[in-house]
Amino acid sequence: MIMVILVTGANGQLGNEMQIVAKQSSDKYIFTDVCDGYEKLDITDLEAIRKNVKEYDVKCIVNCAAWTNVDAAETAGEIVETLNATAPENLAIAMKEVNGLLIHISTDYVFGGDPYNTPCKEGQKGTPTGVYGLTKLHGEQKIQATSCNYVILRTAWLYSEFGKNFVKTMLNLTSTKPQLKVVFDQVGTPTYALDLANAISAIIEDYKREWNLKPGTWNYSKNGIYHFSNEGVCSWYDFAKMIAEYAGIKDCDIQPCHSSEFPSPVRRPAYSVLDKEKIKEGFNVNIPYWISSLQKCIDRLSYGTKK
Ligand SMILES: NC(=O)c1ccc[n+]([C@@H]2O[C@H](COP(=O)([O-])OP(=O)(O)OC[C@H]3O[C@@H](n4cnc5c(N)ncnc54)[C@H](OP(=O)(O)O)[C@@H]3O)[C@@H](O)[C@H]2O)c1
């Protein structure tokens with residue numbers, strides 16, 4: 001059976017990777033964003049979401065839209081809560097009304113307030129340190145309160161060949177500056193957005209298997225929160241070193257430094273490694289090691305799919 005899947009924030013990093021993954025699918029994808037070039041959909045507008053869901057007979061929404069500027073979130077005001085919490089609730093309401101599935105992306109920044117040193121599990125209490133993490137946590141709670149079918153995927157340190165991200169910034173800085181300092185006291189795991197898009201595709205396939213068996217109103221057996229990043233652990237310093245090394249950039253001296261050397265409006269988690277056992281068991285997804293995926297992304301940047 002063909003399912004209609006609506007992707008929000010299609011012009012972002014993950015949205016672009018979803019467009020690549022969708023090319024392998026037999027389902028019908030509708031790509032939306034607030035900018036030109038896509039079906040126009042502002043996810044803060046519940047009636048507009050309902051209209052799209054009805055018009056296209058949407059049975060699954062993949063929400064790639066969000067307020068993602070962590071520093072600016074501290075001073076941007078109400079819009080951050082609206083986009084990261086109220087808007088996902090709108091999408092959940094719209095999916096509840098048609099008994100569809102919402103796949104929503106959240107963040108490792110829902111953690112950070114406690115001094116962890118073992119990978120964070122899904123059931124662990126959220127301890128965000130800033131407005132971005134707090135509003136993303138509210139988004140998760142609001143989705144759950146609608147009791148729609150949902151899969152919330154918390155991810156971390158997202159990068160891709162599309163849009164702005166750490167990998168592209170480091171490729172630029174290390175090839176133009178003789179020296180660079182990068183923090184080594186924040187530890188996590190990078191995530192290649194293409195790997196996340198493939199995991200989302202696997203979740204949709206799993207959902208469809210159950211959907212085909214259970215017409216009418218039903219609860220997806222795998223509703224819940226899951227963690228997804230690449231495998232392994234590193235600091236931003238290790239990440240920067242590996243980016244420069246694989247790209248063959250030798251003339252930049254990259255040195256480790258403390259976060260205190262880069263004053264920021266928000267304290268970021270010192271350790272936010274995500275435990276991925278639940279998604280591996282639940283959906284049998286293949287998760288590549290962070291260095292392998294980084295190399296794949298840098299190869300793609302060099303071979304012309306970049307924007
Ligand atoms: N980036 C990371 O390191 C990271 C880490 C962990 C989790 N995540 C989560 O992963 C998800 C995807 O992140 P990303 O980096 O791919 O995001 P992104 O590149 O910032 O893309 C977000 C997209 O949403 C669009 N958008 C903004 N307001 C909208 C609205 N009202 N209605 C519809 N679309 C709207 C944006 O348009 P404009 O560009 O015009 O605003 C942009 O195209 C987000 O939920 C994010 O919180 C990201």
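**View 1. Asp27 and the residues it touches.** Leaving out residues up to four places away in sequence, Asp27 touches Met1, Ile2, Met3, Ile5, Ile204, Glu205 and Lys208. Keep in mind that this is a predicted model. If you're hunting for Asp27, look in the loop between helix H1 and strand E2 (28-33). Is Asp27 buried or exposed? Its relative accessibility is 8%, and buried means under 20%, so Asp27 counts as buried. One of its neighbours deserves a second look: the side chains of Asp27 and Lys208 are joined by a polar contact of 2.7 Å.

**View 2. The ligand and the residues around it.** Here we move to the ligand, which has 24 residues around it. Which of them come nearest? They are Asp33, Asp42, Thr68, Tyr132 and Lys136. Sorted by class, the shell holds 13 nonpolar, eight polar and three charged residues. Helix H1 (13-22), strand E5 (101-107) and helix H5 (131-146) each give the shell at least two residues. The largest share, three residues, comes from E5.

**View 3. Polar atoms of the ligand, up close.** Zoom in on the ligand's own atoms and three side chains. An N or O atom in the side chain of Asp33 sits 2.8 Å from an oxygen atom of the ligand. For Gln13, the distance from a side-chain N or O atom to a ligand oxygen is 3.0 Å. With Asp42, the ligand atom in question is a nitrogen, 2.9 Å from an N or O atom of the side chain. How much of the ligand does the protein cover? On its own the ligand has 900 Å² of accessible area, and the protein covers 78% of that.

**View 4. Helix H5 and what covers it.** We've already met H5 as a supplier of residues to the ligand's shell. This helix has 16 residues and reaches 23 Å from its first C-alpha to its last, close to the 22 Å expected at 1.5 Å a residue. Its buried residues are Tyr132, Gly133, Thr135, Lys136, Leu137, Gly139, Glu140, Ile143 and Thr146. A handy rule when you look along a helix: an α-helix has 3.6 residues a turn, so residues three or four places apart point the same way. The cover over the buried residues of H5 includes helix H3 (70-76), helix H4 (78-98), E5, strand E6 (149-155) and strand E11 (224-227). Next after H5 comes Ser147, with a positive phi near 55°.

**View 5. Helix H8 and its packing partners.** How far apart are the end C-alpha atoms of H8 (residues 236-247)? They are 16 Å apart, which agrees with the 16 Å that twelve residues should span at 1.5 Å a residue. Trp236, Tyr237, Phe239, Ala240, Met242, Ile243 and Ala244 are the buried residues of H8. They pack against strands E7 (158-159), E8 (179-183), E12 (234-235) and E13 (253-257), plus helices H6 (166-176) and H10 (290-302). After H8 comes Gly248, and its phi is positive too, near 75°.

**View 6. Gly188 in strand E9.** Last stop: Gly188, which belongs to strand E9 (residues 187-188). This glycine has a relative accessible area of 0%, so it is buried. Beyond its neighbours within four places in sequence, Gly188 is in contact with Trp157, Gly232, Val233, Cys234, Ser272 and Val273. Take Val233 from that list: it lies 45 residues from Gly188 in sequence, yet their C-alpha atoms are 5.6 Å apart in space.

Note on methods. Residues are numbered from 1 along each chain as its sequence is written. This is a predicted model: local features need pLDDT of at least 70, side-chain atom pairs count only at pLDDT 80 or more; totals for chains, interfaces and linings use all residues. Side-chain values use heavy atoms; hydrogens and water are left out. A residue is near a molecule or strand if one of its heavy atoms lies within 4 Å of it. A polar contact is a pair of N or O atoms within 3.5 Å; within protein, one must be able to donate a hydrogen and the other to accept it, and residues adjacent in sequence count only if both atoms are side-chain atoms. Accessible areas come from the Shrake-Rupley method with a 1.4 Å probe; for residues, only the protein chains shown count as cover. Helices (H or I, at least four residues) and strands (E, at least two) are DSSP runs, numbered from the N terminus. Ala, Val, Leu, Ile, Met, Phe, Trp, Tyr, Cys and Pro count as nonpolar, Asp, Glu, Lys and Arg as charged, and the others, Gly among them, as polar. The expected span of a helix is 1.5 Å times one less than its number of residues. Buried means under 20% relative accessible area, exposed over 50%, partly exposed in between (1.4 Å probe, protein chains only). Contact means heavy atoms within 4.5 Å.
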